[in-house]
Amino acid sequence: MNKTLQNDLLIRAALSQSTERPPVWMMRQAGRFMPEYWEIKHKYSFLEMCKTPEIAADVTMLPVDLLDIDAAILFSDILVTAEAMGGELSFEQGVGPRFNNPVRTQADVDMLETDCIDKLQYVADAIHVIQERLAGRIPLIGFAGAPFTILSYLVEGGSSKDFKRTKLLLNNQPALAHQLLQKIADVTINYLNMQIEAGVNAVQLFDSWALALSWNDYRDFSHYYNKYILANIKRSVPVISFCKGSSVFAPMMAEANPNVISIDWNADLKNVKQLLPAGIAVQGNLDPFVLYADKYVIKDKIMQLFERMRGEQGFIFNLGHGIMPDIPFDNVKYAIDVVKEFRY
């Protein structure tokens with residue numbers, strides 16, 4: 001696999017092999033902080049962008065061409081699996097994702113399909129187009145939303161600040177929650193395997209709302225299903241596990257045996273790395289808000305992280321979470337240039 005890539009830094013780091021410098025990519029790197037993204041976004045709806053392979057490829061390639069990063073990540077959304085299962089998904093400007101048919105009862109859960117992978121063929125088609133354009137320059141990362149995070153959107157009917165309905169379901173109807181999580185997990189396995197077969201070079205599992213959970217609830221309603229997914233997908237490419245709350249949950253996340261754990265900015269990255277089993281790499285963990293700062297501050301914060309991680313094999317530079325829409329493009333480009341000039 002590495003031989004087919006001109007730049008395989010990310011793959012080597014993900015497999016805890018030695019690299020001359022940390023590879024760099026950033027969550028939400030093909031997004032709203034780029035004027036070029038808005039040129040496309042003004043012509044199409046968000047779901048049209050996701051579902052049209054050529055447009056998804058155009059957006060995926062923006063940070064490749066404009067930022068010269070070390071990995072591309074498929075332009076899509078974690079909620080496409082929920083839509084394929086029967087969720088009536090829409091995106092509203094300034095509001096975010098909405099499901100017009102929230103899942104709250106046994107009948108709602110029973111309605112959701114699991115034999116729905118054909119509805120996601122547009123993702124495989126996009127992967128083929130992107131890999132043609134990348135032509136082996138850098139790896140392409142595929143991804144899926146983790147079952148708990150998908151459940152929370154389905155149950156809440158969209159984004160939530162307090163996850164009240166979700167937690168009521170977990171507390172009052174745990175058996176129903178597990179039934180829903182199992183359905184999502186089975187679809188997620190098929191979806192990630194489809195992406196791997198289509199040619200992605202790595203995959204990331206996004207558990208964006210895991211931080212809402214207590215330790216025991218994370219273990220029972222999140223980690224259990226993430227572990228099940230990682231045990232049942234084709235492990236022919238590296239797997240990155242990400243959750244908000246990874247600074248707390250990383251020791252448990254390691255039990256699922258990912259190749260990489262992506263760490264938020266609340267922890268010391270070296271401390272986390274040294275607590276993990278040998279052979280699990282770390283990704284992170286710059287606070288995205290640093291990218292609003294003056295350039296000398298950005299450089300200083302990155303260099304502090306690199307000095308802390310010096311001598312540690314298996315380190316991918318990234319943010320603790322995604323780029324915010326109003327971060328200046330020049331600052332993002334500068335941060336990537338700082339990383340690329342560094343040598344161990």
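**Figure 1. Strands β2 and β3 form a hairpin in this predicted model.** L89 finds its bridge partner in F99, which belongs to β3. The two strands, β2 (residues 89–92) and β3 (residues 96–99), run antiparallel and are joined by four bridges. Three residues sit between the strands of this hairpin. One feature of the hairpin is G94, with a positive phi near 80 degrees.

**Figure 2. A cluster of aromatic rings includes F91.** Which residues does the cluster of ring pairs link? They are Y37, W38, F46, F75 and F91. In the model, the count of aromatic pairs comes to 17.

**Figure 3. W215 and F249 form a tilted aromatic pair.** Their ring centres are 5.9 Å apart, and the planes meet at 40 degrees. The pair ties together distant parts of the chain, 34 residues apart. W215 belongs to helix α11 (residues 215–232). F249 belongs to helix α12 (residues 246–253). Is each residue buried or exposed? W215 is partly exposed, at 40% relative accessible area. F249 counts as buried, because its relative accessibility is 3%.

**Figure 4. F306 and F342 form another tilted aromatic pair.** Here the centres lie 4.7 Å apart, with 55 degrees between the planes. F306 sits in helix α14 (residues 295–309). F342 sits in the segment after α15 (329–341). The two residues are 36 positions apart, so this pair too links distant parts of the chain. Both F306 and F342 are buried.**Figure 5. Helix α15 has a buried side.** The helix holds 13 residues. From first C-alpha to last, α15 reaches 19 Å, close to the 18 Å expected at 1.5 Å a residue. Which residues of α15 are buried? They are N331, V332, A335, I336, V338 and V339. These residues are on the same side of α15 because they cover an arc of only 155 degrees around the axis. Their cover includes α4 (53–67), α14 and β9 (315–319).

**Figure 6. D330 and E341 are exposed on the other side of α15.** E341 lies in this helix. It counts as exposed because its relative accessible area is 62%, and the cut-off for exposed is over 50%. E341 and L319 are 22 residues apart in sequence. In space, their C-alpha atoms are 18 Å apart.

**Figure 7. Seven strands form an open sheet.** In what order do the strands run? The order is β1-β4-β5-β6-β7-β8-β9. The pairing is parallel. Strands of a sheet pair through backbone hydrogen bonds, either parallel or antiparallel. The edge strands here are β1 (72–73) and β9. Each of these edge strands pairs on one side only.

**Figure 8. Strands β7 and β8 run parallel.** Three bridges join β7 (residues 260–262) to β8 (residues 281–286). V260 has A281 of β8 as its bridge partner. Strand β8 also contains N285. The peptide bond from G284 to N285 is cis, with omega near -20 degrees. Most residues other than glycine have a negative phi, and most peptide bonds are trans.

**Figure 9. S16 and A135 have positive phi values.** Neither residue is a glycine. For S16, phi is about 60 degrees. Where does S16 lie? Its place is the loop between α1 (9–14) and α2 (35–41). S16 counts as buried because its relative accessibility is 16%, and the cut-off for buried is under 20%. For A135, phi is near 50 degrees. A135 lies in the loop between α7 (121–134) and β4 (140–145).

**Figure 10. Two stretches of the chain carry a domain annotation from UniProt.** The unreviewed entry lists residues 23–32 and 141–157 for "domain: Uroporphyrinogen decarboxylase (URO-D)". Residues 23–32 are 0% helix and 0% strand. The end C-alpha atoms of residues 23–32 lie 23 Å apart. Residues 141–157 are 59% helix and 29% strand. For residues 141–157, the end C-alpha atoms are 28 Å apart.

Technical notes: Residues numbered from 1 in each chain as written. Predicted model: local features only at pLDDT ≥ 70, side-chain atom pairs only at ≥ 80, totals over all residues. Heavy atoms only, no water. Phe/Tyr/Trp six-rings, centres within 6.5 Å; stacked < 30°, edge-to-face > 60°. Buried < 20%, exposed > 50% of the residue type's maximum accessible area, 1.4 Å probe, protein only. Pairing = 2+ DSSP bridges. UniProt positions renumbered as here; feature names shortened; annotations may be inferred. Expected span 1.5 Å × (residues − 1). Arc of directions from axis to C-beta. Contact = heavy atoms within 4.5 Å.
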